[in-house]
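Student: I would like to learn how to read a few features of a protein model. Could we take them one by one?

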Amino acid sequence: MAPGISLTQEQLTNVLGGLSVPVEQARGLPGWMFNDPDVYAMEQERIFASSWVCVGAEDDLPRIGDVRPVEVAERPLFLVRDEMGYLRCFHNICSHRGALLVSETGRRKTIACPYHSWTYGLDGTLKKTPHICGQGVHDSPTLDRSLHGLKPVRCATWARLVFVNLDPLAPSLDEEMAPLAERWADYDLSLLRFGEAEDFLLPANWKLAIENYVERYHLPWVHPSLNTYSGIDGSYEMIGRLHVGVGSRKVTPPRPAGPLPRFPDLPPERIGCGEYPAFFPNVLMGLHADYFFAYVLTPDGPHRTKERLYTFFVGEESRDPKYAGARAAMHKMVADINREDMDIVSRLHRGCASPAMTGAVFSPVFEKTSQAFQRMVAERLAEPREAPAVSL
Ligand code: FES
Ligand SMILES: [Fe+2]
């Protein structure tokens, strides 16, 4: 198939078939699936419009009235922290004629539309319709304001990360996260405290960032420094319905700026352990005894992915200025590893543009995880869930 031609069900079934066999015989997604605009559009509808998509961290909106525009499945949305301190998500369009309401991060007392100044509360209720029935006449006998509030989108948080789901019928985030929550029951994730956030722009398809993240085969060549304290030996795979990744029993990063507080009461085997799952479809996580990080990936067309890295530390104590150097050093270490990955993943993207890239063959030892992630994608494209009864 050449890029630009719509996919057929038969093609999708063939791609899925190539991934649904033991790793030794598997054939990965063909290169055009990382470049084709039709594939991208299909992913947005069949994956992003019906999944719990991560849109950032609670710490992006710490105060009442903070707003932040986000985009999921090419729908403009915005997040807001309401008067009660809860995070909410709404479609970012005015109930009047559909103007975009929030175009930048900031703090608001109300959400006023820049077009005709219809004004909404932080809870989405329509409060004001100025001059709707002539100069100085702000009420209309034919418009019941209570019926024209902003359209809400499901929003939930987990480990300080914020997720939204456009599908009103999808299971709750807690249900979808249950296998990871169980896996990480030793860690009191309510102790996580925000460290730092940093943005990156990856010139590559979003799927390549994930399939790279979930395999450790590339460590000796792409991350020679990381490989000295977290090598490919001692690693293990984690493959669940919605998470896939690797763990390592021996992660001993240098701490030139000193130690950081740890999660309390961890079993000894957790002290030098790191686990790195991708939660489908767009967040990459890393959990350790003394820090947690997450990359939130936002696809921006088939050739580009926005990445936002968040680092978190453990307990109020970790916010003490005496740990500032250690926090900054840890954040930099994680970010530097990402810079190494960005370089190789952009090469991967350029290679996948070639029609000669007919699909990966996988290392049977190290790349069952990349196969599993690609299979999750292929399954959702080839066997989409029924369209939700209410679809926004
Ligand atoms: S479109 Fe928003 S007030 Fe008119
Ligand atoms: Fe890497």
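**Domains, a metal site and a helix**

Tutor: In this predicted model, nine residues of domain 1 are in contact with nine residues of domain 2. The domains cover residues 53-155 and 178-380, respectively.

Student: What is the area buried between domain 1 and domain 2?

Tutor: The size of an interface is often given as the accessible area lost when the parts come together. Here about 630 Å² is buried between domain 1 and domain 2, and carbon and sulfur atoms give 62% of that area. The domain centres, taken over C-alpha atoms, are separated by 34 Å.

Student: Which atoms coordinate the iron ion (ligand 2)?

Tutor: The donors are NE2 of His218, NE2 of His223 and two OD atoms of Asp341, at 2.1 to 2.5 Å. Their spacing in sequence is H-x4-H-x117-D. His218 counts as buried because its relative accessibility is 11%, and His223 is buried at 1%.

Student: How is the geometry of such a site judged?

Tutor: Ideal angles at a metal are 109.5 degrees for four tetrahedral donors. The angles among the four donor atoms of the iron ion (ligand 2) run from 56 to 152°, and the site is irregular.

Student: What should helix 9 span, given its 15 residues?

Tutor: At 1.5 Å a residue, helix 9 (residues 368-382) should span 21 Å; its end C-alpha atoms lie 20 Å apart, which agrees.

Student: How many residues of helix 9 are buried, and what do they pack against?

Tutor: Of its 15 residues, 12 are buried, including Phe373, Met376 and Leu381. The buried residues of helix 9 pack against helices 1, 2 and 4 and strands 12 and 13.

Notes: Residues numbered from 1 in each chain as written. Chains lettered and ligands numbered in written order. Predicted model: local features only at pLDDT ≥ 70, side-chain atom pairs only at ≥ 80, totals over all residues. Heavy atoms only, no water. Helix = DSSP H or I, 4+ residues; strand = E, 2+ residues; numbered from the N terminus. Expected span 1.5 Å × (residues − 1). Buried < 20%, exposed > 50% of the residue type's maximum accessible area, 1.4 Å probe, protein only. Contact = heavy atoms within 4.5 Å. Donors = N, O, S within 2.8 Å, 3.2 Å for Na, K, Ca; no water. Tetrahedral: all angles 85-135°; square planar, octahedral: opposite > 155°, others 65-115°. Domains from an automatic or database assignment. Buried area = accessible area lost by both parts, 1.4 Å probe.
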